[in-house]
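Here are my notes on this model, as numbered points. Please read them with the structure open.

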Amino acid sequence: MSAHLLLDVTDVSKRFGGVQALDSVGLQVPHGSIVGLIGPNGAGKTTFFNVITGLYPADSGIFLFDGKSYFPQSVSQVTKAGLARTFQNIRLFGEMTVLENVMVGCHCRSKAGLLGAIFRFPSTRREERAIRDKSHALLAYVGLSEYANMQARNLSYGHQRRLEIARALATEPKLLALDEPAAGMNATEKLELRELLLRIRADGKTILLIEHDVSLVMGICDSLTVLDYGKVIASGKPADVRGHPEVIRAYLGQGAV
Ligand SMILES: Nc1ncnc2c1ncn2[C@@H]1O[C@H](COP(=O)(O)OP(=O)(O)OP(=O)(O)O)[C@@H](O)[C@H]1O
């Protein structure tokens, strides 16, 4: 494994009945980069996310994260290892406030156990205050401070997507995996998202991105991997992938060249 790779997976396969959703897929994500995973509907992108984040067991595959073997067998193990994700269909706690949603993310790094929660030791209270402060800082980072006390379900769609990113960042990930973060956003929200993703990379995080917005993907990704029917059909720099005949045939179409 190359030292500059944060995520290095090879030969990942996953079958659902008669559908080979992933067929010997390999994908490498260098530290500090934004890597895009693209392809037509049903190509296997979300399945790949589900496998690397422990939602679905892979049928086979070799998984290396930050130089170590890792086995994505449960979401909590994967989060602890330093991989956080968002979902194509937003999964916030709608009845909780915006701030509380981020605090939930912080709790996976907290030390207080059940006894601390019941007896409210001074150390537990100190930790709670720190979590609250950190959550406010994260809301400021994604531009949602003014909505901290609003119920999450009342946020606009674009803001809900930003909140999901803040909650994922709260787990202190090395790798942030985003599943179609621009879906349903208007042009202004997409521009703001682009700036946010570039800032996250500039601040030293690594991003793996599924996204159908071709101009966003081409504009911010350092490299791309393209899936079609569960197989990698191309990977490389955006400019090279854009002109790849298989990618044009399967996904981009002639108009994109
Ligand atoms: N839980 C599941 N059970 C059965 N089949 C599934 C399951 N999840 C995905 N599939 C199938 O696996 C294939 C890949 O689906 P997947 O959702 O990973 O594609 P995708 O590239 O993310 O598509 P989209 O861009 O539409 O989100 C599809 O044929 C899909 O129907």
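1. Helix 3 passes helix 6 in a right-handed crossing. The model is predicted, so treat this geometry as computed. The axes of helix 3 (residues 98-107) and helix 6 (residues 157-170) come within 6 Å. They cross at roughly 30°. An angle under 35 degrees counts as roughly parallel, and helix 3 and helix 6 are therefore roughly parallel to each other.

2. Which residues make up this helix contact? From helix 3 come Val98, Asn101, Val102, Gly105 and Cys106. From helix 6 come Leu163, Ala166, Arg167 and Ala170. By class, the contact has six nonpolar, two polar and one charged residues.

3. Leu138 belongs with this pair of helices. Leu138 sits in helix 5 (residues 122-142). Is Leu138 buried or exposed? Its relative accessibility is 13%. Buried means under 20%, so Leu138 counts as buried. Setting aside neighbours within four places in sequence, Leu138 is in contact with Val102, Ala166, Leu169 and Ala170. Val102 is one of the helix 3 residues that meet helix 6. Ala166 and Ala170 are among the helix 6 residues in that contact. For Leu92, 46 residues away along the chain, the C-alpha atom is separated from that of Leu138 by 16 Å.

4. Next, the sheet. Six strands form an open sheet in the order 6-7-8-3-9-10. The pairing is mixed. Strand 6 (83-85) and strand 10 stand at the edges. Each has a single partner strand, so one side of each is left without a neighbour in the sheet. From one strand to the next, the twist averages 20°.

5. Strand 7 (residues 175-179) pairs with strand 8 (residues 206-210) in the parallel sense, over five bridges. Leu175 has Thr206 as its bridge partner in strand 8. Leu176 has Ile207. Strand 6 and strand 7 also run parallel, joined by three bridges. There, Leu83 stands opposite Leu175.

6. How many residues of strand 7 are buried? Five of its five residues are. Leu175, Ala177 and Asp179 point one way from the strand. Leu176 and Leu178 point the other way. Note that Asp179 is buried along with the others. In a regular strand the side chains alternate between the two faces of the sheet.

7. Two helices lie across the sheet strands. Helix 1 (residues 45-52) lies across strand 3, strand 6, strand 7, strand 8 and strand 9. Helix 1 runs at about 140° to strand 8. Helix 7 (residues 187-202) lies across strand 3, strand 7 and strand 8. Helix 7 runs at about 145° to strand 8.

8. Last, helix 10 (residues 245-252). Its buried residues are Val247, Ile248, Ala250, Tyr251 and Leu252. What do these buried residues pack against? The partners are strand 3 (34-38), helix 8 (214-220), strand 9 (223-228), strand 10 (231-236) and helix 9 (238-242). Strand 10, among these partners, is also an edge strand of the sheet. Gly253 follows helix 10. The phi of Gly253 is positive, near 80°.

Key:
Residues are numbered from 1 along each chain as its sequence is written. This is a predicted model: local features need pLDDT of at least 70, side-chain atom pairs count only at pLDDT 80 or more; totals for chains, interfaces and linings use all residues. Side-chain values use heavy atoms; hydrogens and water are left out. Buried means under 20% relative accessible area, exposed over 50%, partly exposed in between (1.4 Å probe, protein chains only). Helices (H or I, at least four residues) and strands (E, at least two) are DSSP runs, numbered from the N terminus. Contact means heavy atoms within 4.5 Å. Axes are lines fitted to C-alpha atoms, for helices over the stretch in contact, and angles run from 0 to 180 degrees between N-to-C directions. Angles under 35 degrees count as roughly parallel, over 145 as roughly antiparallel, 65 to 115 as roughly perpendicular and the rest as oblique. A crossing is left-handed if the near helix is turned anticlockwise from the far one by less than a right angle, and right-handed if clockwise. Ala, Val, Leu, Ile, Met, Phe, Trp, Tyr, Cys and Pro count as nonpolar, Asp, Glu, Lys and Arg as charged, and the others, Gly among them, as polar. Two strands pair if DSSP finds at least two bridges between them.
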